[in-house]
Amino acid sequence: MHLAKTFRYLFIALSISLAATVLPAKQLKVGFAQTGAESAWRTANSESMKSEAKKRGIDLKFSDGQGKQENQIRAVRSFITQRVDAIVIAPIVETGWEPVLREARRAKIPVIITDRTIQTTDDSLFVCFIGSDFLEEGRLAAAWLAKAVNGKGRIVELQGTPGSAPANDRRKAFAEAIATFPNLKIIDSQSGDFRRSGGKEVMEAFLKKHGRNIDIVYAHNDDMALGAVQAIEAAGLKPGTDIKIIAIDAIREGVQAVADGRINCVVECNPLFGSKVYDTIEAILAGKKVPKKVFNKDELFDHTNAAAALPTRQY
Ligand code: GZL
């Protein structure tokens with residue numbers, strides 16, 4: 001009797017392992033609610049998520065939010081209906097996410113927040129955050145600037161999308177850091193919505209309003225800084241010389257502008273984290289514990305290192 005039982009268990013074990021080898025592993029289905037296509041940074045981030053999914057044979061349901069939170073929320077609901085294995089959200093703004101995150105939790109679908117953080121009183125609504133530390137970026141920008149201008153100058157600020165974590169945090173950390181320099185002041189601040197056209201239009205308005213009383217531009221991303229460069233040149237001034245410019249993202253065009261002296265400093269905000277996101281999803285689905293918050297490593301580029309960095313820039 002004992003022998004028959006052993007043979008039976010052996011047969012079951014063998015057929016399970018055989019099934020595992022011949023049946024293809026279930027294809028992972030991931031829903032990604034992207035903010036939109038507002039900047040070169042965003043394009044690089046979307047490309048990183050799409051190309052890495054293709055490389056891994058992941059079925060990526062990609063939704064372009066076109067800059068509207070309601071589109072992202074609609075996409076998340078559709079991912080729930082499609083019963084995806086995991087949902088990734090790059091939340092365009094910080095608030096308004098709890099209802100749809102509760103629906104995902106009821107459906108037992110893990111949610112990963114990437115790129116921009118959200119405000120919530122219940123952080124069990126998402127498994128983890130993967131992105132950059134915008135407060136640190138704001139502090140790095142302020143520290144570099146204060147040194148470069150000896151703590152003196154009149155700053156105009158080009159803010160990112162209203163209500164977004166990068167705009168809120170980059171503004172807050174930068175303002176706190178320059179507060180220790182009484183002669184370094186923000187004289188005007190307006191949103192260019194992270195768009196190059198927005199940076200150009202706002203800078204044109206600032207130049208009209210303040211004339212030559214602008215010493216520095218602090219732009220929350222390179223695209224708006226590059227728009228400001230266009231406006232400054234159109235006004236017959238030399239960007240990087242007559243008006244110092246500092247920005248955040250370090251897209252290739254921004255690093256090139258630093259190497260050319262038209263922008264003085266860019267703080268990196270690396271968008272290429274598709275691989276990290278899928279590694280995390282695979283770990284979560286395998287039942288492993290993952291860190292609640294993972295910050296990407298970011299560098300800073302100015303006239304001392306921008307030219308040398310260009311050949312290896314990946315976005
Ligand atoms: C930062 C990201 C910001 C970039 C902008 O992680 O959310 O949005 O700085 C992009 O270029 O539009």
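Just past the end of helix H2, Gly57 adopts a positive phi of about 70°. This and everything below comes from a predicted model. The helix that Gly57 follows spans residues 40-56, 17 residues in total. From first C-alpha to last, H2 reaches 24 Å, close to the 24 Å expected at 1.5 Å a residue.

H2 has plenty of buried positions: Trp41, Arg42, Ala44, Asn45, Ser46, Ser48, Met49, Glu52 and Ala53. An α-helix makes a turn every 3.6 residues, so residues three or four places apart point the same way. Glu47 is another H2 residue, but with a relative accessible area of 47% it counts as partly exposed, because that value falls between the 20% and 50% cut-offs. Glu47 and Gly236 sit 189 residues apart along the chain, and their C-alpha atoms are 37 Å from each other.

H2 also turns up at the ligand. Thirteen residues (13) surround the ligand, and the closest are Glu38, Asp115, Arg116, Arg170 and Asp249. Three side chains give a feel for the polar contacts. Asp115 has a side-chain N or O atom 2.4 Å from an oxygen atom of the ligand, and for Glu38 a polar side-chain atom lies 2.5 Å from a ligand oxygen. In the case of Asn221, the distance from a side-chain N or O atom to a ligand oxygen is 2.9 Å. On its own the ligand has 320 Å² of accessible area, and the protein covers 100% of it. The site itself is the largest cavity, where the ligand sits. Two elements give two or more residues each to the surrounding shell, namely H2 and helix H6 (165-178).

Moving on from H6, the loop that runs between this helix and strand E7 (184-191) holds Ala179. Ala179 counts as exposed, because its relative accessibility of 62% is over the 50% cut-off. The C-alpha of Ala179 is 15 Å from that of Tyr218, with the two positions 39 residues apart in chain numbering.

Beyond E7, the next loop leads to helix H7 (196-210) and contains Asp193. Asp193 is not a glycine, yet its phi is positive, about 60°. Most residues other than glycine have a negative phi. At 27% relative accessible area, Asp193 is partly exposed.

A second non-glycine residue with positive phi is Ala250, with a value near 65°. Ala250 belongs to the loop between strand E9 (244-249) and helix H9 (252-259). How buried or exposed is Ala250? Its relative accessible area is 0%, so Ala250 is buried.

Leu158, in strand E6 (residues 153-159), is likewise buried, because its relative accessible area is 0%, under the 20% cut-off. Between the C-alpha atoms of Leu158 and Arg212 there are 17 Å, for a chain separation of 54 residues.

Stepping back to the whole chain, there are eleven helices and twelve strands. Of the 315 residues, 51% count as buried. Along the principal axes, the C-alpha atoms fill a box of roughly 95 × 40 × 35 Å.

Technical notes
Residues numbered from 1 in each chain as written. Predicted model: local features only at pLDDT ≥ 70, side-chain atom pairs only at ≥ 80, totals over all residues. Heavy atoms only, no water. Helix = DSSP H or I, 4+ residues; strand = E, 2+ residues; numbered from the N terminus. Expected span 1.5 Å × (residues − 1). Buried < 20%, exposed > 50% of the residue type's maximum accessible area, 1.4 Å probe, protein only. Near = heavy atom within 4 Å. Polar contact = N/O pair within 3.5 Å; in protein donor to acceptor, adjacent residues only side chain to side chain. Areas by Shrake-Rupley, 256 points an atom, 1.4 Å probe, with all protein chains shown as cover. 1 Å grid on protein atoms, 1.4 Å probe; cavity = no way out; pocket = protein on both sides within 12 Å on 5 of 7 lines; lining within 4 Å. Sits in = over half its atoms within 2 Å of the grid points.
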